[in-house]
Amino acid sequence: MSEKFKAVVIDNQNEKFTREIKEINKTDLKDGNVFVKIDYSSLNYKDALILNNGGKIVRKFPFVPGIDFSGKVIESEDSKFKKDDNVILTGFRVGEAYFGGFSQYAKVDSNFLIKTPNDLDNHKAMMLGTAGFTSLLCAFAVKAKEELLMGEKVKDVLVTGATGGVGSIAVMVLSKMGYDVHAVTGKKDKNDYLKDLGAKNIIDRKEFEGESKLLEKGIWDGVVDTVGGTALTKIFAQTKPGGIVAACGNAGGIKINTTVMPFIIRGVKLWGIDSSGSSIKRREFIWNEASKLIDFNKLKSLTKELSLNDLLETYPKLLKGEYFGRAIVNPNK
Ligand SMILES: NC(=O)c1ccc[n+]([C@@H]2O[C@H](COP(=O)([O-])OP(=O)(O)OC[C@H]3O[C@@H](n4cnc5c(N)ncnc54)[C@H](OP(=O)(O)O)[C@@H]3O)[C@@H](O)[C@H]2O)c1
């Protein structure tokens, strides 16, 4: 390889925030013990926040963002990985504290990597990316009601922020699991899109705004919530006895104003999802389940492939809620 390669570099000198595609050197990659040639990364909400102004997440500059990637091992100081192994990285503060995936190469800690399962490839892995991995974590949290907790069978599952990256894949996975998926969206023109992913019913986001009662009619066996805020408050009040709410996002706000009632009267379970800190064992389980639950042809049809240049033009749309579907980033394009 050439010692120089392309990466998105964000900087914050004299309070002026910049983002540029630059040539950097292998010696600029200071962390980690596995050197990887990146095939793909993906654009997630957190990436958009970081590209915008660091998102109060990145503290050291200059910095290479990108919270996930898939690629091939070039060199490894850990015998767990050898040259040409295909690997997946999501989270573990890569793209936040350690140089990330919006680059042709990365160097990361071997404890952050898993091998790409044989029935996936690096393109499929990043069509899913952090968003898809999170959707799968949420879907298995909902499924735990009937499996791990031996409760009644799950029937009705609500997904908020349904046209987003996490929401779209959650709709697809939960319908494949056999559940009736109720998709909440603010985008009136995306009903067909959501139905095509497997949603049985579409609900206007407005129905989850405003005050909610302590307890409302219990409707949901499970919920995948990517929105937080007032929507999540209402969701607790509408969850059936023993239902599970997998809360992973804050696209609509960070504050929840609830009471203990849903939890102590109905045994509602709040299952917080932190994809970034998931154990390697859990990652391997989830990634190995992906091919059974994802229709990759369909996912491909709703995925756009972006160059690093395209990425810099696209991320503001994600922040404005004007982007839907998945964006895979090809740093070699
Ligand atoms: N915990 C974790 O491990 C983890 C991992 C990945 C992502 N996340 C979080 O999950 C959330 C979704 O991520 P994503 O990548 O799917 O983002 P995304 O693609 O931007 O999707 C977010 C969706 O939320 C809805 N939305 C946007 N603004 C809203 C508002 N003000 N009120 C209510 N709904 C709103 C929109 O869907 P509709 O128009 O269809 O309503 C939007 O498409 C983010 O908060 C992200 O930080 C967490």
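**Exercises on a predicted model**

Asp39 counts as partly exposed, because its relative accessibility is 22%. Keep in mind that the model is predicted.

**Exercise 1. Place Asp39.**
Task: Which strand holds Asp39, and how far is Asp39 from Lys333 in space?

Solution.
- Step 1. Find the element. Asp39 sits in strand E3, residues 34-42.
- Step 2. Check the exposure class. Partly exposed lies between under 20% for buried and over 50% for exposed. With 22%, Asp39 is partly exposed.
- Step 3. Compare sequence with space. Asp39 and Lys333 are separated by 294 residues in sequence. Their C-alpha atoms are 9.8 Å apart.

**Exercise 2. Describe a surface patch.**
Task: Which residues form a nonpolar patch with about 310 Å² of accessible area together? Is Ile265 buried or exposed?

Solution.
- Step 1. Name the members. They are Val260, Ile264 and Ile265, and the patch is on the surface.
- Step 2. Locate one of them. Ile265 belongs to helix H6, residues 261-265.
- Step 3. Classify Ile265. Its relative accessible area is 53%, so Ile265 is exposed.

**Exercise 3. Map the ligand shell.**
Task: How many residues surround the ligand, and how do the residues of the shell divide by type?

Solution.
- Step 1. Count the shell. The ligand is surrounded by 24 residues. Thr163, Val166, Thr185, Ile273 and Ser275 are the closest.
- Step 2. Sort by type. The shell has nine nonpolar, twelve polar and three charged residues.
- Step 3. Look for the elements. Helix H3 (165-176) gives at least two residues to the shell, and so does strand E9 (180-185).
- Step 4. Check the backbone. A polar backbone atom of Gly165 is 2.9 Å from an oxygen atom of the ligand. For Gly164, a backbone N or O atom lies 3.4 Å from a ligand oxygen. For Ala162, the distance from a backbone N or O atom to a ligand oxygen is 3.5 Å.
- Step 5. Add the cover. On its own, the ligand has 920 Å² of accessible area, and the protein covers 84% of it.

**Exercise 4. Read the salt bridges.**
Task: What is the count of salt bridges? Why does the pair of Asp204 and Lys188 tie together parts that are apart in sequence? Are Glu216 and Lys234 buried or exposed?

Solution.
- Step 1. Recall the principle. Side chains of opposite charge can pair when their charged atoms come close. The cut-off here is 4 Å, from a side-chain nitrogen of Lys or Arg to a carboxyl oxygen of Asp or Glu.
- Step 2. Take the count. There are 20 salt bridges.
- Step 3. Test one pair. The closest N and O atoms of Lys22 and Glu20 are 3.9 Å apart, and the two form a salt bridge. Lys22 is partly exposed, because its relative accessibility is 34%. Glu20, at 38%, is partly exposed too.
- Step 4. Test the next pair. Asp204 and Lys188 form a salt bridge at 3.5 Å, N to O. Asp204 lies in strand E10 (residues 201-204) and Lys188 in the loop between E9 and helix H4 (191-197), so the pair ties together parts 16 residues apart in sequence. Asp204 is partly exposed at 28% relative accessibility. Lys188 is exposed at 60%.
- Step 5. Try a third pair. Glu216 and Lys234 form a salt bridge, with their closest N and O atoms 3.3 Å apart. Glu216 is in the loop between E10 and strand E11 (220-225) and Lys234 is in helix H5 (residues 229-238), so this pair ties together parts 18 residues apart in sequence. Both Glu216 and Lys234 are buried.
- Step 6. Find a network. Salt bridges link Lys155, Asp156, Asp180 and Lys200.

Terms used: Residues are numbered from 1 along each chain as its sequence is written. This is a predicted model: local features need pLDDT of at least 70, side-chain atom pairs count only at pLDDT 80 or more; totals for chains, interfaces and linings use all residues. Side-chain values use heavy atoms; hydrogens and water are left out. Patches are made of residues with over 30% relative accessible area and no salt bridge: like charges are joined within 9 Å, nonpolar side chains (Val, Leu, Ile, Met, Phe, Trp, Tyr) within 5 Å. Accessible areas come from the Shrake-Rupley method with a 1.4 Å probe; for residues, only the protein chains shown count as cover. Helices (H or I, at least four residues) and strands (E, at least two) are DSSP runs, numbered from the N terminus. Buried means under 20% relative accessible area, exposed over 50%, partly exposed in between (1.4 Å probe, protein chains only). A residue is near a molecule or strand if one of its heavy atoms lies within 4 Å of it. A polar contact is a pair of N or O atoms within 3.5 Å; within protein, one must be able to donate a hydrogen and the other to accept it, and residues adjacent in sequence count only if both atoms are side-chain atoms. Ala, Val, Leu, Ile, Met, Phe, Trp, Tyr, Cys and Pro count as nonpolar, Asp, Glu, Lys and Arg as charged, and the others, Gly among them, as polar.
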